[in-house]
Amino acid sequence: MKSEAKAQYRNLFLYNYSAGKTVGSLDKFIDRKYYDGFHIDLRHFFKEDYSFGFRIGWNNVKAVLDRQSFQTDKGTVSAIQTRYMSSLPVVVNAFYYPVKGKKLIPYVGGSLGVYVMDYQKWFGAVAFKKKSFRPGISPEIGFLAPIKKSEVGVGAFARFNYAAYSHEEVKNMIYMELGVSIFLGDKNDKSCE
């Protein structure tokens with residue numbers, strides 16, 4: 001009697017693109033609907049259903065306001081105001097994969113680490129900037145879809161990001177992402193006879 005077990009990944013390397021929405025005070029600072037992000041993600045399976053790893057990425061959002069008068073610490077300024085807010089998450093992650101052996105492999109988990117924040121507010125050529133490091137978390141759900149029997153595939157995810165951040169108008173850095181992934185994995189091929 002011969003049986004084949006589904007190949008199990010040892011490691012996964014993912015390249016992710018995401019777009020989403022700012023929430024809360026960040027949405028009041030920059031009320032744009034699209035939030036572009038690029039991330040790389042490395043996951044190592046330490047048990048058949050669990051992985052841990054790290055993710056590093058970059059997210060940016062921008063708004064340009066019409067020319068108007070603004071009150072600053074240095075007086076009233078008439079200018080076109082440009083606002084930027086970017087974050088660079090450097091986080092560790094852990095995921096659980098409840099179902100395998102199917103065309104879609106769902107997962108649930110999250111990340112914990114440091115978000116490098118870059119706040120910029122420009123009044124014409126005059127800039128107010130602040131960079132800082134803040135702790136953050138990001139719960140995530142998604143799925144992976146291997147392409148036939150190859151070691152490559154695609155995926156999709158939804159992620160909620162929260163960083164403990166407070167500066168000027170922004171009281172917390174909160175944004176939601178929907179994204180797609182392309183992944184490459186190496187497999188443990190297990191078979192028994």
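Two rings of Phe, Tyr or Trp count as an aromatic pair if their centres lie within 6.5 Å, and a pair is called tilted when the angle between the planes is neither under 30 degrees, which is stacked, nor over 60, which is edge-to-face. With that in mind, a search of the whole structure, which is a predicted model, finds eight such aromatic pairs.

Begin by selecting Phe45 and Tyr97, whose rings form a tilted pair with 4.9 Å from centre to centre and 40° between the planes. Phe45 belongs to strand β3 while Tyr97 belongs to the loop between β7 and β8, so this pair ties together parts that are 52 residues apart in sequence. Phe45 counts as buried because its relative accessibility is 10%, where buried means under 20%, and Tyr97 counts as buried at 1%.

Now add Phe95 and Tyr107 to the selection, and you will have one aromatic cluster made of Phe45, Phe95, Tyr97 and Tyr107. Select Arg43 as well: its charged end sits over the ring of Phe95, 4.0 Å from the ring centre, and Arg43 also lies over the face of Tyr107, at 4.5 Å from the centre of that ring.

Next, colour the strands. Strand β3, residues 36-47, runs antiparallel to strand β4, residues 50-64, and 11 bridges join them, with a hairpin of two residues leading from β3 to β4. Within this pairing, look for Leu42, whose bridge partner in β4 is Phe54. On to strand β7, residues 81-96, which is joined to β4 by 13 bridges and is likewise antiparallel to β4; here Val61 stands opposite Met85.

From Val61 and Met85, move to Ile30, which touches both of them, along with Thr22, Lys62, Ala63, Arg83 and Tyr84, when residues up to four places away in sequence are not counted. Is Ile30 buried or exposed? Ile30, found in the loop between α1 and β3, counts as buried because its relative accessibility is 0%.

Finally, select the largest nonpolar core, which has 15 residues and in which Phe29, Met85, Met117, Tyr165, Val170 and Met173 have the most contacts. At least two residues of this core come from each of α1, β4, β7, β8 and β11, and the largest share, three residues, comes from β8. A second, separate core of 11 residues includes Tyr9, Leu14, Phe95 and Phe183. As a last stop, centre the view on Val170, which is in contact with Ser25, Leu26, Phe29, Met85, Tyr119 and Tyr165, leaving aside neighbours within four places in sequence.

Methods. Residues numbered from 1 in each chain as written. Predicted model: local features only at pLDDT ≥ 70, side-chain atom pairs only at ≥ 80, totals over all residues. Heavy atoms only, no water. Pairing = 2+ DSSP bridges. Helix = DSSP H or I, 4+ residues; strand = E, 2+ residues; numbered from the N terminus. Buried < 20%, exposed > 50% of the residue type's maximum accessible area, 1.4 Å probe, protein only. Contact = heavy atoms within 4.5 Å. Core = buried A, V, L, I, M, F, W, Y, C linked by side-chain atoms within 4.5 Å. Phe/Tyr/Trp six-rings, centres within 6.5 Å; stacked < 30°, edge-to-face > 60°. Lys NZ or Arg CZ within 6 Å of the ring centre and 35° of its normal.
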